[in-house]
Amino acid sequence: MLKKRVIPCLDVKNGRVVKGINFVDLADVGDPVESAKAYDAAGADELCFLDITASHENRGTLLDVVRRTAENCFMPVTVGGGVRDVEDVRALMLAGADKVSINTAAVRDRSIVGRAAEKFGAQAIVVAIDAKKVSREGELPRWEIFTHGGRNPTGIDAIAFAREVADLGAGEILLTSMDRDGTKSGFDLALTRAVSDAVTVPVVASGGVGTLDHLVEGIREGGASAVLAASIFHYGTFSIAEAKRHMARAGLPMRLDGLEGTP
Amino acid sequence: MRIALIDYGAGNLHSAAKALMRALDETGQRGEVIMGADPDVIASADRIVLPGDGAFRDCRENLAIVHGLEAALDHAVRGKGRPFLGICVGMQLLATRGLERGITAGLGWIPGDVVRLAPADPALKVPHMGWNTLAMTSSHPVLEGIALGPQGLHAYFLHSYHLIPEGTGNLIATAAYGGPVSAIVGRDTVVGTQFHPEKSQVLGVKLLANFLKWAP
């Protein structure tokens with residue numbers, strides 16, 4: 001049986017981790033590869049690198065991080081941030097990314113999704129959607145896509161966009177609620193459920209995780225195939241093992257082999 | 001032992017190279033992993049590994065344009081019986097035909113077609129993405145000592161298509177996803193995994209070590 005996935009996400013800027021993990025003794029807290037190895041050992045199902053470097057000039061630094069991670073980890077890695085064209089996708093794939101996530105470039109021009117999927121297969125192409133609720137109380141719920149960290153509205157309906165990019169060849173949707181991101185109040189479950197029901201590809205729920213029950217809700221109520229979180233793991237609030245065991249106890253199918261403390 | 005890891009521009013090889021080295025350690029043998037597509041390297045290799053990420057057609061074209069590669073593979077594997085492992089699309093390429101974005105001829109080493117996954121339960125998402133357990137359909141040395149079944153170890157899958165071999169003899173293992181998904185196929189000295197052993201941690205390293213020890 002296919003298991004639900006728990007995915008820690010690391011923000012990388014100029015080749016360094018922005019919010020370093022502090023649940024293990026790392027020789028270099030800012031080194032993304034050290035962090036990746038720690039999550040690999042902890043039993044994470046996948047890892048996500050999000051590059052938040054402002055300029056595109058230092059792209060080689062990110063590629064080097066991905067290359068060194070692929071050499072040191074046996075864990076599948078998704079890399080996103082700053083992907084502008086199919087050549088960027090190719091460079092990341094050749095460096096060792098298993099999946100590449102496209103965000104703003106897909107909002108600007110949806111055709112990049114189809115072109116990338118044709119070249120690398122749908123299974124390698126993730127579209128990251130950052131959505132905010134724009135409907136008022138009492139109205140039918142409506143979410144819109146925002147870019148630039150939630151600052152710029154696009155007028156694009158998030159559900160329709162998700163359906164469209166999935167039809168074009170996206171193999172996974174990484175869905176972040178910009179309303180919930182950083183709040184620790186849980187996923188936007190209505191948004192997650194609406195997108196999950198609208199597409200036939202897996203959806204990764206992101207934005208708002210504060211408790212282990214939030215992870216369970218994202219899958220059970222949101223219909224997500226995987227849950228992504230950053231700070232609860234980086235700051236050691238919960239370990240990957242605690243998260244996965246909690247989800248298993250709640251009745252979700254989880255991969256428990258390789259977890260710390262598991263015989 | 002010389003392990004040829006075929007580089008034909010279809011994805012990154014570092015994870016596979018590293019996993020093969022770790023598997024080699026586990027077998028207690030000495031050896032090296034040589035990345036490339038040089039026919040001489042293939043001819044002198046004790047084991048041949050063909051990875052592959054991406055679309056079937058794209059990988060097939062990349063394989064075909066490396067001069068002398070297919071002839072060298074055919075000679076080493078089918079001629080001299082060198083043990084061969086295909087991974088993901090490297091496994092799918094063994095089929096007669098791939099049906100992803102049009103019909104593309106495969107190597108034809110394992111008769112069958114590569115078709116889109118169609119889980120019986122429409123709620124199941126495609127791609128089949130993540131960790132799944134394996135069930136054995138025919139015993140094979142690469143599965144030795146690996147815990148199988150619902151309580152067994154997990155393998156990492158990332159695909160929308162799979163190889164359906166003609167007849168059941170060449171199907172070694174399946175994963176359950178709204179019906180059986182071809183996970184391992186094999187024929188003579190050729191074996192292929194749809195999942196990524198280089199990403200499959202304990203199960204993956206064990207399977208690779210078994211492949212290196214295999215003396216068909």
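This is a short talk on the chains, cores, pockets and cavities of the structure shown above.

Hi everyone, and thanks for coming. One thing to keep in mind from the start is that we are looking at a predicted model.

Let me begin with the overall build of chain A. Chain A contains ten helices and eleven strands. How compact is chain A for its length? Its radius of gyration is 17 Å, and the globule rule gives 18 Å for 263 residues, so chain A is as compact as a globular protein of that length. If you prefer to think in boxes, the C-alpha atoms of chain A fill one of roughly 50 × 45 × 35 Å along the principal axes. Of the 263 residues in chain A, 59% are buried. And if you take the contacts in chain A with a separation of 6 or more, 63% of them join residues 24 or more positions apart.

Now let's go inside. In soluble globular proteins, nonpolar side chains tend to be buried together. Here, the largest nonpolar core has 79 residues. Which residues have the most contacts inside this core? They are A:Ile129 and A:Ile173. Helix H6 of chain A, residues 158-168, supplies the largest share of the core, with six residues. Apart from that core there is another one, of 73 residues, and B:Ala17, B:Leu69, B:Leu93 and B:Ala95 are among them.

Let me stay with A:Ile173 for a moment. Leaving out residues up to four places away in sequence, A:Ile173 touches A:Ile129, A:Ala162 and A:Pro202, and a set of valines including A:Val127, A:Val165, A:Val195 and A:Val199. Its contacts also include A:Val201, A:Val203 and A:Val204.

On to three residues that I'd like you to find on the screen.

The one to start with is B:Val114, in strand E7 of chain B, residues 112-116. Is B:Val114 buried or exposed? Its relative accessibility is 1%, so B:Val114 counts as buried; the cut-off for buried is under 20%. Not counting residues up to four places away in sequence, B:Val114 touches B:Ala95, the residue we met in the 73-residue core. Its other contacts include B:Phe56, B:Gln92, B:Arg97, B:Tyr161 and B:His162. B:Thr104 is ten residues from B:Val114 along the chain, and their C-alpha atoms are separated by 9.6 Å.

Next, please look at A:Phe146. This residue lies in strand E7 of chain A, residues 143-147. A:Phe146 has 9% relative accessibility and therefore counts as buried. Setting aside residues up to four places away in sequence, A:Phe146 touches A:Asp130, A:Lys132, A:Val134, A:Arg151, A:Asn152 and A:Pro153. From A:Phe146 to A:Arg90 is 56 residues in sequence, and 26 Å in space from C-alpha to C-alpha.

The last of the three is B:Asn210, which sits in helix H6 of chain B, residues 201-213. B:Asn210 counts as buried because its relative accessibility is 5%. Beyond its neighbours within four places in sequence, B:Asn210 is in contact with B:Pro141, B:Val142, B:Leu143, B:Glu144 and B:Ile146.

Now for the empty space. How much space lies in the largest pocket? About 1,200 Å³. This pocket is lined by 47 residues, and the closest to its centre are A:Leu50, A:Asp51, A:Ile52, A:Asn103 and A:Asp130. You may remember A:Asp130 as a contact of A:Phe146. Strand E3 of chain A, residues 47-51, gives the most to this lining, with four residues. By type, the lining has 19 nonpolar, 19 polar and nine charged residues.

The second largest pocket has a volume of about 520 Å³. Among its 26 lining residues, those nearest the centre are A:Lys4, A:Ser225, B:Ala123, B:Leu124 and B:Lys125. Helix H7 of chain A, residues 189-198, gives the most here, with three residues. This lining divides into 14 nonpolar, five polar and seven charged residues.

Finally, the cavities. There are six of 30 Å³ or more, and the largest has a volume of about 130 Å³. Which residues are closest to the centre of this largest cavity? Of the 14 that line it, they are A:Asp98, B:Asn12, B:Asp53, B:Glu198 and B:Lys199. The lining has five nonpolar, five polar and four charged residues.

That's my tour, and I'm happy to take questions.

Note on methods: Residues numbered from 1 in each chain as written. Chains lettered and ligands numbered in written order. Predicted model: local features only at pLDDT ≥ 70, side-chain atom pairs only at ≥ 80, totals over all residues. Heavy atoms only, no water. 1 Å grid on protein atoms, 1.4 Å probe; cavity = no way out; pocket = protein on both sides within 12 Å on 5 of 7 lines; lining within 4 Å. Points joined across faces, edges and corners; volume = space filled by probe spheres on them. Nonpolar A, V, L, I, M, F, W, Y, C, P; charged D, E, K, R; others polar. Core = buried A, V, L, I, M, F, W, Y, C linked by side-chain atoms within 4.5 Å. Buried < 20%, exposed > 50% of the residue type's maximum accessible area, 1.4 Å probe, protein only. Helix = DSSP H or I, 4+ residues; strand = E, 2+ residues; numbered from the N terminus. Contact = heavy atoms within 4.5 Å. Rg over C-alpha atoms; globule rule 2.2 N^0.38 Å.
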